Amino acid sequence: MVYLPSLGSKEAADKKADDLRRLGISDFFVIQDSSPLRFGISLGIFKTDEAAQKQVANLAKRGLTGAKVGSRNASSTKVAFQLRDLGGASKSAFDKIKADFPAQEVRSCH
């Protein structure tokens, strides 16, 4: 992934997006998930490090500095499930599955 690190706020990211457009760069998006890159700018996803490095060089030729290459991580590490009316055989099956995932949190949805 080629990206600009978080700019700290949506306003700062939007201002940087305007700067990118003035440089003639239109293939990007402001990252809005809850990752550490929130309010950073993605400048492309590439299959190889070589392709990503080539993109950084191309962006530099257009006047953009500060672009980085990094691994693309999932935007969320948390998943939640809500199970309703779980009883009898279903509850037993759930308890067996839950035993295989001891680090997971189970809580009531009251």
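This is a guided tour of a predicted model, with a suggestion at each stop of what to select next.

**The whole chain**

Begin with the entire chain in cartoon view, where 3 helices and 4 strands can be picked out, and where a walk along the sequence gives the pattern β-α-β-β-α-β-α. Turn the view along the principal axes, and the C-alpha atoms fill a box of roughly 65 × 30 × 20 Å. The radius of gyration is 21 Å, whereas a compact globule of 110 residues would have one near 13 Å. If you colour by accessibility, 23% of the 110 residues count as buried, and of the roughly 8500 Å² that the chain exposes, carbon and sulfur atoms supply 51%. Among contacts between residues at least 6 apart in sequence, 60% join residues at least 24 apart.

**The largest nonpolar core**

Next, select Leu20 and Leu43 and show their side chains, since these residues touch the most other members of the largest nonpolar core, which has 16 residues. Strand 1 (2–4), helix 1 (10–22), strand 3 (41–44) and helix 2 (49–61) each supply at least two residues of this core. In soluble globular proteins, nonpolar side chains tend to be buried together. Which residues does Leu20 touch, leaving aside those up to four places away in sequence? Display Leu4, Ile25, Phe28, Ile41, Leu43 and Leu64 around Leu20 to see these contacts.

**Helix 1 and its two sides**

Now select helix 1 alone, which has 13 residues and reaches 18 Å from its first C-alpha to its last, close to the 18 Å expected at 1.5 Å a residue. Its buried residues are Ala13, Ala17 and Leu20. Looking down the axis of helix 1, you will find these buried residues within an arc of 55 degrees, so they line one face of the helix. What covers them includes strand 1, strand 2 (29–30) and strand 3. Rotate the helix to the face turned away from the buried side, and the exposed residues Glu11, Lys15 and Arg22 come into view. Just after helix 1, stop at Gly24, which takes a positive phi of about 85 degrees.

**Helix 2 and the loop after it**

Move on to Glu50, which has its place in helix 2 and is exposed, with a relative accessible area of 68%. Add Gly8 to the selection and draw a C-alpha to C-alpha distance: Glu50 and Gly8 are 42 residues apart in sequence and 29 Å apart in space. Then select Gly66, in the loop between helix 2 and strand 4 (68–69). Gly66 is partly exposed, with a relative accessible area of 45%, and touches Tyr3, Leu4 and Pro5, not counting residues up to four places away in sequence. The C-alpha atoms of Gly66 and Val56, 10 residues apart along the chain, are separated by 8.9 Å.

**Two loop residues with positive phi**

Finish with Phe39 and Asp85. Phe39 lies in the loop between strand 2 and strand 3, and its phi is near 70 degrees, a positive value in a residue other than glycine. Is Phe39 buried or exposed? Its relative accessibility is 13%, and residues under 20% are classed as buried, so Phe39 counts as buried. Asp85, in the loop between strand 4 and helix 3 (88–99), also has a positive phi, near 50 degrees, but at 82% relative accessibility Asp85 counts as exposed.

How values were computed
Residues are numbered from 1 along each chain as its sequence is written. This is a predicted model: local features need pLDDT of at least 70, side-chain atom pairs count only at pLDDT 80 or more; totals for chains, interfaces and linings use all residues. Side-chain values use heavy atoms; hydrogens and water are left out. A nonpolar core is a set of buried Ala, Val, Leu, Ile, Met, Phe, Trp, Tyr and Cys residues joined through side-chain atoms within 4.5 Å. Buried means under 20% relative accessible area, exposed over 50%, partly exposed in between (1.4 Å probe, protein chains only). Contact means heavy atoms within 4.5 Å. The expected span of a helix is 1.5 Å times one less than its number of residues. The arc is that of the directions from the helix axis to the C-beta atoms. The radius of gyration is taken over C-alpha atoms; the globule rule is 2.2 Å times the number of residues to the power 0.38. Accessible areas come from the Shrake-Rupley method with a 1.4 Å probe; for residues, only the protein chains shown count as cover.
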